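Colleague: Before I use this model at the bench, I would like to know what stands behind the terms in its description. Could you take me through them?

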Amino acid sequence: MNNLHFKEFFKNFLFDLDNFITIYDDTLHVFNFNKLNKLSDTEIVLTINNKIVKIEGENLKIKQMTKQELLIKGTLKKVEFKYD
Amino acid sequence: MINEKIVWVKIKTKNYYSILTKLSDIGVTLYDNKKNKEEILIKTTYEDYQRIKKFLISYKIEIVDTSGFLKIKEIIKKYLVFTLSSILSVIILILVNNLIFKIDIKSSNKNIQELLERELKKAGIKTLTLKKSHQKIEEIVNNILDNNKDTLEWLEIKYDGLIMNVYVTEKTILKKEEGYDKCNIISKSDAKITSLNLYRGVALKEINDYVVKGEVIISGEITHNEEIKNNVCASGEVYGEVWYKVKVSVPYNEYYIKYTGKNRYNISFQIDDNEYLLFRSRISKKKEEKTLLYKLNDFSINLLREKEYVLSTHKLSEDEAYNKALKLAEEKVKLKLKENEGILYKKVLKKELNDSTIYLEVFIVTKENIGEVTQVLGGNQNDPKLNNENNE
């Protein structure tokens, strides 16, 4: 069991398999997203692994973006997860 | 990001959210973005900019700003002409500051001038060549002085802007007195001898004797019992009374300049002997004072101060005009006199007056050195005619 954990940790360390969402006051940081499905000033829809993440708010704007990461600014109201 | 070339890219679009979705689809990294009315500005890498151009072909895309090396490259490209001309100007300025435009040899002796020109040329100093270092100049000066020990006493080279001034002192070689083997002292003019100091030779005249121009006063022939024993170069000092008749005229109306206090300034450009004014002169009667502002070879720029004046007249009284005429006559004679010579006596011989002018004829007696050394070539050396010819 311990061996298995170590293997997972090492794999994750090397290939950044983990994904997470960090929410600050007016900022939302998404790490390791797959696709940006929808983008508007009130709604952002993302695919992360097999989950659909729906972010709702006001004046939503993408501040920074890379292939893996997304930094969203605006007034956040709701973050919703849906499984495919 | 440190080594990446970062650019600000402008994309023409009204739909901010649609373009960002597309940028996410093609995997563009976005460091920052700004939304304007009909465009979006994104901060991304140069590689991503190329990708955007490749995939989003229907959009109008252009780089508006760059950073790092790209920015420097852009600035150089933008200000290429200015940058090049600035660099060129600096090079020209350095070059011009280090060039010799004129060599000014401070000597009135033409031979010395030519000698120094030759020597400087030999040392590689010519006009329109680069200035030499202080050390090199010192070396050149020492070489020139060594090569011309008999002619040059002292030499100094100094730079004054673009002009190289060469200060020189010639070596003075004391000449043998008059340089003649046989000579007489004759009278320069008709006179009455008042003093005679004999240093060498035989005095043929005495004090209070009258002499005519060219007559021998001290002879170089040493005779004994009417036989010539030796020939020397006569030496001595002979002073005598010389007479002059001077005619002068003085008008009663005397004109003098009165400055009005009105001044005008102007700039003049002088090229060779031609002078051009920057502004038209508005003063008809003026005196100009010139101040040199800039000079380069035969081109100079001067500041002119034009002082307006009016001519005023002053009518002299008869006495004033008489005294002025007398003074003028004296001054005319004094011009011919040297040190230890002067006016002994004066008398007005004739005085004529008319409405506007006074005429005087003045007799003036002076004390002058009347002796003049003349070389004896042969024949009868005491003959005034021959001496005059020799002298001429």
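Modeller: I would begin in chain B, where strand E1 (residues 6–12) and E4(B) run antiparallel and are joined by five bridges. Bear in mind that the model is predicted.

Colleague: What makes E1 and E4 of chain B a pair?

Modeller: Two strands pair if there are at least two bridges between them. E1(B) and E4(B) are joined by five bridges, so they count as paired. One of the residues involved is Val9(B), whose bridge partner in E4(B) is Ile63(B).

Colleague: What holds paired strands together in general?

Modeller: Backbone hydrogen bonds, in either a parallel or an antiparallel arrangement.

Colleague: Which strands make up the open sheet in chain B, and in what order?

Modeller: The order is E2-E3-E1-E4, four strands with antiparallel pairing. Strand E2 (32–35) and strand E4 (61–66) of chain B are called edge strands because each pairs on one side only. From one strand to the next, the twist averages 25 degrees.

Colleague: Turning to chain A, what secondary structure does it have?

Modeller: Chain A has one helix and six strands, and from the N terminus the elements run α-β-β-β-β-β-β. Of its 84 residues, 17% are buried.

Colleague: Why is Gln64(A) called partly exposed?

Modeller: A residue needs 20 or more C-beta neighbours within 10 Å to be buried, and 12 or fewer to be exposed. Gln64(A) has 16 inside 10 Å, which lies in between, so Gln64(A) counts as partly exposed. This residue belongs to strand E5 (residues 51–65) of chain A.

Colleague: Which residues is Gln64(A) in contact with, leaving aside its neighbours within four places in sequence?

Modeller: They are Leu71(A), Leu30(B), Tyr31(B) and Asp32(B). Contact requires C-beta atoms within 7 Å. As a separate value, the C-alpha atoms of Gln64(A) and His29(A) are 9.4 Å apart, with their positions 35 residues apart along the chain.

Colleague: How many residues of each chain are in contact with the other?

Modeller: Nine residues of chain A are in contact with 10 residues of chain B. On the chain A side, strand E3 (35–39) and E5 are the elements that give two or more residues. E5(A) provides the largest share, three residues.

Colleague: What kinds of residue make up that side of chain A?

Modeller: Four are nonpolar, three polar and two charged.

Methods: Residues are numbered from 1 along each chain as its sequence is written. Chains are lettered from A and ligands numbered from 1 in the order in which they are written. This is a predicted model: local features need pLDDT of at least 70, side-chain atom pairs count only at pLDDT 80 or more; totals for chains, interfaces and linings use all residues. Two residues are in contact if their C-beta atoms, placed from the backbone, lie within 7 Å. Axes are lines fitted to C-alpha atoms, for helices over the stretch in contact, and angles run from 0 to 180 degrees between N-to-C directions. Ala, Val, Leu, Ile, Met, Phe, Trp, Tyr, Cys and Pro count as nonpolar, Asp, Glu, Lys and Arg as charged, and the others, Gly among them, as polar.
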